[in-house]
Amino acid sequence: MNKGKVYLVGAGPGDVDLLNVKAVELIESADVVVYDRLVSRPILDLIPGRAKRIDVGKNVGNHPVPQSQINQILKEEAEKGNMVVRLKGGDPFVFGRGGEELEILLENEIEFEVVPGIPSPISVPAYAGIPVTHRDFCSSFHVITGHAKEGSDLKIDFNSLVKLNGTLIFMMSVSTVGRIMQGLMQAGMSKEMPCAAIENGTRTNQRKFVSSISKMEQVILENQVKSPAVIVVGKVCQLSFDWFSAKPLKGQQIIVTLPEKKQSALAQMLHRLGADVLTYPCIETKAIPNFELRLDGYHVIIFTSAAGVEIFFETMMQSGMDARCLYDKKIACVGEKTAKKLREYGINCDFVPSVYDGETLANEMVQQKFMTPQDKVLLLRAKNASKQLTEILKKNKIEYCDQPIYSTDYVKQEEIDLKEYDYVMFTSGSCVDGFIHNNPNADATKMKAVCIGKCTAKKAQDAGFCVLVSEKATLESMCDRIRSDLKC
């Protein structure tokens, strides 16, 4: 068997948006991913379901998987012919012991590559609004590990550091902060020198505390600052360009329930607004196999979802048909998202309602004479869909065929504690049903649900949620609804 290859990849400080392009491509292509505790959940969400995950869970002072065993895991997985990604927080060569992991690969003639990550000594202060250099205060910065083996002294030349008159950045130093600050003062640094501790830097739960070196140990103890944290010492700490804390959804815990393939756009919007997002797909759409697609005799085709558009065109192509068979049809879509998906196939929609729901779609098509009793309508949508639309067609004596082309199935998920979250996002009644199916014991009465459309809102309301309805049936409007709620 041919040997595989190991990629030593820096995962950066935690924000998934700080991953470089190569790192993302490798994670999404990996057969095996070996990762540490410091790799954030959004980054782990990039790992494909087929890949083997190995959590080596390293923490300061606590290595449940010893370094020697990690080295062996990399060797053994590569020897099986796997493409192995070794994910390490920050940069693998900045206090990351990356060199030790490569030594065993080199000895065993296993091919490897190193993909640098954005190092936390620079990125974490930046997210806290602290520049590590500034012409008015310093001309250098220095990165020091504050980690010492249990029972041994810190191997830090405090006298030399103080004489440098630069910004000092201490890594892995929460447990030794008292000794570090004492060492700096004994070496002649003013006890009033500004100092900052930044916990969970670049992540949505980032916290920053600014004090002086004489008081920093007390500040860390009183606020129970935990690793990962970066401690910055220097006059630059009195500056504050704190853009990250000003994000409109900073600190909000939000659940996104869209199907897995559609999660990324909404999750990314929320993340970039500062929210901590749990991707929790509750449903999946599956094309109904071997359904008969007949278009002859129909004057109007209605699509009620982007999924329906996608499945329709895939089925049409598989049947040897193409867009020419739509030449004499009028096409209506329930909303702009569905119409946008239609345009991807080179077809412009003829009708989109003013409010993006099935009831409004049907009523406005009748009112505006887009369809009449002389027309025959083909409705392409999910199995067991709402009857509101078809009831309006019946009432107006419009002949129709309600053709189910896909089913919506529940996705099994672990039950979650709703008390830990502020909002849940629902784009359909099926998402509500799937969420309740996975959380049958949940008390929804204290949870805010952001919904698209009246039908979805009613489902959520019936389940006990406090319902907020987006102004438009778009992901952007859902985000705006949370922002307006927080301003109330």
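## A first look at this protein

Residues 24 or more positions apart in the chain make up 68% of the protein's contacts with a separation of 6 or more. Keep in mind that what you're looking at is a predicted model. The protein has 488 residues, and 50% of them count as buried. You'll find 16 helices and 20 strands in it, and its C-alpha atoms fill a box of roughly 90 × 60 × 45 Å, taken along the principal axes.

Here's a short tour, topic by topic.

**Two helices that pack: α3 and α4**

- Start with helix α3, which covers residues 67–79, and helix α4, which covers residues 98–107: they pack at an angle of about 45°, and their axes are 9 Å apart.
- With that angle, α3 counts as oblique to α4.
- As for handedness, α3 and α4 make a right-handed crossing.
- On the α3 side, the residues in the contact are Gln67, Ile70, Asn71, Gln72, Leu74 and Lys75, and they meet Glu100, Glu101, Ile104 and Leu105 of α4.
- Sorted by class, that contact is a mix of 4 nonpolar, 3 polar and 3 charged residues.

**Aromatic pairs**

- The structure holds 11 aromatic pairs.
- One of them joins Phe303 and Phe312 edge-to-face, with 5.3 Å from centre to centre and 65° between the planes.
- Both partners are tucked away: Phe303 is buried, at a relative accessible area of 1%, and Phe312 is buried too, at 1% relative accessibility.
- Another edge-to-face pair is made by Phe426 and Phe465, at 5.4 Å centre to centre and with 70° between the planes.
- Phe426 sits in strand β18 (residues 423–426), while Phe465 is in the loop between α15 (454–462) and β20 (466–469), so this pair ties together parts of the chain that are 39 residues apart in sequence.
- Phe426 is buried, with a relative accessible area of 0%, and Phe465 also counts as buried, at 5% relative accessibility.
- Phe426 and Phe465 belong to a cluster as well: ring pairs link them with Tyr280 and Phe435.

**Helix α12 and what it packs against**

- Helix α12 runs over residues 358–367, and its Thr360, Leu361, Ala362, Glu364, Met365 and Val366 are buried.
- Those buried residues of α12 pack against two strands, β14 (300–303) and β15 (330–333), and against a helix, α13 (388–395).
- After α12 comes Lys369, which has a positive phi, near 55°.

**A closer look at Ser430**

- Ser430 is part of helix α14, which spans residues 429–438.
- Is Ser430 buried, exposed or partly exposed? Ser430 is partly exposed, because its relative accessible area is 28%, and the partly exposed range lies between 20% and 50%.
- Setting aside neighbours within four places in sequence, Ser430 is in contact with Ile283, Thr408 and Tyr410.
- Take Tyr410 from that set: Ser430 and Tyr410 are 20 residues apart along the chain, and their C-alpha atoms are separated by 8.4 Å.

Note on methods: Residues numbered from 1 in each chain as written. Predicted model: local features only at pLDDT ≥ 70, side-chain atom pairs only at ≥ 80, totals over all residues. Heavy atoms only, no water. Axes fitted to C-alpha atoms, helices over the stretch in contact; angles between N-to-C directions. Helix = DSSP H or I, 4+ residues; strand = E, 2+ residues; numbered from the N terminus. Parallel < 35°, antiparallel > 145°, perpendicular 65-115°, else oblique. Left-handed = near helix turned anticlockwise from the far one by under 90°. Contact = heavy atoms within 4.5 Å. Nonpolar A, V, L, I, M, F, W, Y, C, P; charged D, E, K, R; others polar. Phe/Tyr/Trp six-rings, centres within 6.5 Å; stacked < 30°, edge-to-face > 60°. Buried < 20%, exposed > 50% of the residue type's maximum accessible area, 1.4 Å probe, protein only.
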